[in-house]
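Work through these exercises with the structure open beside you. Try each task before you read its solution.

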Amino acid sequence: MTLLRLHRHHSNILVYTAVLILVLSSCRPTKFVAEDEYLLDKYKLKTEKGQLDQKEMDSYIKPKPNKKILGMKFYLGLYNLSGEKDNGFNGWLRKIGEAPVLYDVFESERNNKQLYLYMKNKGYYDAEISDTVRFKKKQAQVTYAVEAGEPYTIRSISYHLEDTSLQSVFYPDTVNTLLKPGENFDVDVMQAERGRIESLLRNKGYFNFNQDYIHFTVDSSLRSHQIDLTLGIKNYIISSKDGYHLMVPHRKYKVEEVFIYPGFDQNSALENMQEYLEGLDKTEYNDFVFLTEGEMKANPKVISQSVFIMPGELYNGEKESQSKTHLSSLRIYKMVKVVFVEKDPYDQVTRDYYPLVCHIRMSPTTNQSYTIELEGTNSEGNIGAGGNLNYLHRNLFGGAENFSARLSGAIESLKKSDDSGFGTMLELGAEAKITLPQFLLPFKTEDFIRKYNPKTNISVSYNYQRRPDFTRSIAQTSFGYNWSGNELLTHIVNPVQLNFVNMITATDSFINTIKGTYLEHSYEDRLILGGNYSLIFSNQRLKKTSDFLYFRGNLESAGLMLRGLGMAFDAPRDSLGRYQVFGNAFAQFVKGDVEFRWYNLVNDKTSFVYRLFTGIAFPYGNSLGIPFEKQYLSGGANGIRAWPVRFLGPGSYNGEGETTYPNRTGDIKLEANIEYRFKLFWVLEGGLFVDAGNIWSLNPDAERLGGKFSWDNFYKEIALGPGLGLRMDFSFVIFRVDLGFRWHDPGRPVGDRWILMDEGIRNPQLNIAIGYPF
């Protein structure tokens with residue numbers, strides 16, 4: 001959300017920040033390095049190309065040199081700014097900075113051993129590791145050389161199961177083994193295979209099975225760098241009441257009872273568990289036993305639909321995890337814990353199945369909350385203020401219905417289109433949304449709910465805008481669903497989306513200003529009835545610092561059903577031949593776009609983010625153009641940041657002859673971004689970026705020359721803008737300032753578009769926003 005754009009002289013703070021980084025990095029790096037010590041400047045790992053995972057090997061080398069920003073030791077520079085006195089300021093500099101990392105010969109020797117151990121684990125028992133050190137100006141540069149040699153490979157794989165009852169489950173699954181003849185004798189792959197087998201058996205009812213029962217025997221007597229591998233599984237060990245250990249076949253467990261505690265009080269349970277449990281009321285529903293204090297505050301049907309652990313079924317570890325995930329997604333519990341208890345852990349009688357009792361304990365979160373948001377705006381000198389009042393109820397009707405509502409308002413001074421002075425813009429809005437933890441469909445969906453965790457979303461909103469030149473209202477409503485295809489995929493379908501734009505009043509000067517332009521049809525009554533579908537993919541793992549991908553594809557269509565009804569019932573048409581509903585020419589179009597992002601996490605302080613977006617909207621049938629609300633725009637804090645929002649494109653159009661109202665929207669959009677993010681100190685973060693892209697129209701427009709998309713010219717009309725940014729991460733919100741410089745401006749004449757070292761550097765664009773751009 002862009003809050004304001006400031007005059008360029010206010011952008012000096014970002015330039016000063018960049019200069020500070022350079023100054024800190026140029027400080028003497030060995031200031032706190034003793035006479036007989038050396039700063040660990042850098043290290044290099046030399047391996048045979050294509051044979052080893054160098055990134056994985058790099059994780060074994062410790063310590064790492066001081067972290068860098070743009071190749072400079074920024075954090076060491078902060079530390080070196082501190083003086084020798086032990087005062088608060090010096091202590092703060094050392095805390096936010098990074099002490100010099102010193103070269104240690106013993107650490108190098110340890111690294112050699114760790115690298116050799118890694119090579120052995122990968123099957124390279126004949127590997128040779130060596131290191132060399134180059135000293136220069138009290139700094140050390142270390143090179144680790146790895147000669148892999150010939151690896152040991154797996155010649156054959158055999159199995160030995162002490163417990164023959166496992167054979168019917170185990171042997172059919174060996175087709176999925178991670179161990180392959182001819183592959184390297186890799187300890188990490190063997191460990192992964194142990195984990196895979198553990199999951200397999202636990203999902204088949206073997207509740208107490210774990211990978212400690214799996215062992216490997218290796219025969220390497222062939223003297224040909226080949227080994228014969230035997231995977232074995234030992235019998236189950238149980239303890240008697242007298243403390244003796246017995247070896248018995250592994251046991252299958254069935255869930256006998258499931259107790260659900262939808263209002264579990266952790267404090268009361270810790271004080272006296274037995275007394276707390278005895279005071280709970282019991283209610284049976286769908287073979288589950290609910291235990292509550294007084295009246296149940298959550299619908300047992302909704303809870304039971306989120307529980308995969310069923311009485312009478314074999315224990316299944318995957319269903320245990322799914323139950324936790326689905327119950328947590330209801331958003332009415334701050335803690336969900338699943339506990340299994342054996343009815344008789346000392347039972348020595350051989351049985352087909354052994355009984356388990358499941359306890360699902362859920363501690364409720366606060367049901368209701370509200371927040372107040374205030375903001376100031378300064379857009380091109382137009383001063384204003386706004387605010388929002390937000391309300392959230394996580395369990396509106398007792399069935400985990402998440403209800404949210406928002407009231408918003410804003411006021412701003414605006415210049416009139418006829419240059420007759422300033423007027424006031426008033427904007428008021430209301431929005432309500434409810435999310436139900438199920439599909440609202442006229443047929444049974446319980447199995448679908450358990451498998452895909454679906455949600456039904458219903459929303460309505462109303463926005464009133466009163467400006468000096470016109471007054472209009474926008475009413476919207478939507479009905480749709482979202483569900484998880486798997487842990488990486490999310491589907492969103494909105495079969496009904498209704499928008500109605502009502503132009504209440506407009507001044508004659510405003511109408512004359514936009515008459516005959518592309519904006520004329522954007523400021524008229526408009527009905528949009530359609531639907532959309534979105535597919536989202538993300539392999540991000542929370543709390544794990546690893547690279548991840550994000551993809552979103554959207555497809556939207558509007559007006560098809562209304563046009564069909566209009567043709568069937570011979571609905572009235574306007575002077576342009578468009579069918580009308582309630583005197584309004586409804587919109588008809590199809591729109592599709594895709595967005596791809598790759599987050600490359602270099603370390604805990606730096607990362608790269610790559611983004612590509614492309615989309616197209618095509619009007620047909622009842623529409624001559626895409627409705628204004630559905631058109632693409634460019635520029636601004638979340639787009640090409642070297643241009644203000646709606647001041648770029650379409651194509652090479654330069655805005656010549658433009659009115660007070662920017663006519664810079666399009667039917668096609670192409671955008672690419674690269675951003676380098678790095679932590680500075682305290683809550684401050686820095687960013688360097690390059691944005692590229694533009695928008696285009698599908699049809700020629702006499703009012704916007706150069707705006708039409710052409711395969712011969714579009715690549716010449718790509719806007720390019722590098723920049724730098726400063727961010728403040730307060731955990732709950734990120735405050736962002738980005739400064740963009742125009743490098744290639746497609747709105748300028750051909751041959752005069754590369755302007756970075758001229759106007760681009762002298763006229764930067766400053767954007768202030770909340771949150772990252774992507």
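## Exercise 1: The whole chain

Of the 774 residues in the protein chain, 45% count as buried. The model is predicted.

**Task.** State which box the C-alpha atoms fill and how many helices and strands the protein chain has.

**Solution.**
- Step 1. Take the principal axes. Along them, the C-alpha atoms of the protein chain fill a box of roughly 95 × 75 × 55 Å.
- Step 2. Turn to the secondary structure. It comes to 15 helices and 32 strands.

## Exercise 2: Two sides of a helix

**Task.** Find the buried residues of helix 4 and explain how they are arranged around the axis.

**Solution.**
- Step 1. Locate helix 4 at residues 88–96. N90, L93 and I96 are buried there.
- Step 2. Look down the axis. These residues cover an arc of only 135°, so they sit on the same side of helix 4.
- Step 3. Turn to the face directed away from the buried side. It carries the exposed residues G88 and K95.

## Exercise 3: Two charged patches

**Task.** List the residues of the negative surface patch, then decide whether E128 is buried or exposed.

**Solution.**
- Step 1. Collect the members. E48, D126, E128, E147 and E150 gather in a patch of negative charge on the surface.
- Step 2. Place E128. It belongs to strand 3, residues 128–136.
- Step 3. Check the accessibility. E128 has a relative accessible area of 53%. The cut-off for exposed is over 50%. So E128 is exposed.

**Task.** Now do the positive patch: which strand supplies its largest share?

**Solution.**
- Step 1. Name the members. K42, K44, K46, K68, R134, K136 and K137 form a positive surface patch.
- Step 2. Look at the strands. Strand 2 (39–46) and strand 3 each supply at least two residues of this patch.
- Step 3. Pick the main contributor. Strand 2 gives the largest share, with 3 residues.
- Step 4. Zoom in on K136, which is in strand 3. Its relative accessibility is 48%, so K136 counts as partly exposed.

## Exercise 4: A nonpolar patch

**Task.** Identify the nonpolar surface patch and the strand that gives the most to it.

**Solution.**
- Step 1. Find the residues. Y370, I372, L374, L389, Y391 and L407 make a nonpolar surface patch of about 690 Å².
- Step 2. Assign them to elements. Strand 15 (368–379) and strand 16 (382–393) are the elements that give two or more residues.
- Step 3. Rank the contributors. Strand 15 gives the most, with 3 residues.
- Step 4. Test one member. Y370 is found in strand 15. With a relative accessible area of 62%, Y370 is exposed.

## Exercise 5: Salt bridges

**Task.** Compare the settings of some salt bridges in the structure, which holds 36 of them.

**Solution.**
- Step 1. Recall the principle. Side chains of opposite charge can pair when their charged atoms come close.
- Step 2. Start with K319 and E313. Their closest N and O atoms are 3.1 Å apart, and they form a salt bridge. K319 is partly exposed at 28%. E313 is partly exposed at 32%.
- Step 3. Move to E524 and R526. Their side chains meet in a salt bridge, 2.6 Å from N to O. E524 counts as partly exposed at 21% relative accessibility. R526 counts as buried at 8%.
- Step 4. Take R641 and E675. Their side chains meet in a salt bridge, 2.8 Å from N to O. R641 lies in the loop between strand 27 (606–619) and strand 28 (668–679), and E675 in strand 28, so the pair ties together parts that are 34 residues apart in sequence. Both R641 and E675 are buried.
- Step 5. Follow the shared partners. Salt bridges join R641, E675, R677, D691, R727, R736 and D738 into one network.

## Exercise 6: A residue in a loop

**Task.** Decide whether D745 is buried or exposed, then give its distance from D212.

**Solution.**
- Step 1. Locate D745. It lies in the loop between strand 31 (734–740) and helix 15 (756–762).
- Step 2. Apply the cut-off. Buried means under 20% relative accessible area. D745 has 9%, so D745 is buried.
- Step 3. Give both separations. D745 and D212 are 533 residues apart in sequence. In space they are 64 Å apart, C-alpha to C-alpha.

Note on methods: Residues are numbered from 1 along each chain as its sequence is written. This is a predicted model: local features need pLDDT of at least 70, side-chain atom pairs count only at pLDDT 80 or more; totals for chains, interfaces and linings use all residues. Side-chain values use heavy atoms; hydrogens and water are left out. Patches are made of residues with over 30% relative accessible area and no salt bridge: like charges are joined within 9 Å, nonpolar side chains (Val, Leu, Ile, Met, Phe, Trp, Tyr) within 5 Å. Accessible areas come from the Shrake-Rupley method with a 1.4 Å probe; for residues, only the protein chains shown count as cover. A salt bridge is a side-chain nitrogen of Lys or Arg within 4 Å of a carboxyl oxygen of Asp or Glu. Lys and Arg count as positive and Asp and Glu as negative; His and the chain ends are not counted. The place of a charge is taken as NZ of Lys, CZ of Arg, CG of Asp or CD of Glu. Helices (H or I, at least four residues) and strands (E, at least two) are DSSP runs, numbered from the N terminus. Buried means under 20% relative accessible area, exposed over 50%, partly exposed in between (1.4 Å probe, protein chains only). The arc is that of the directions from the helix axis to the C-beta atoms.
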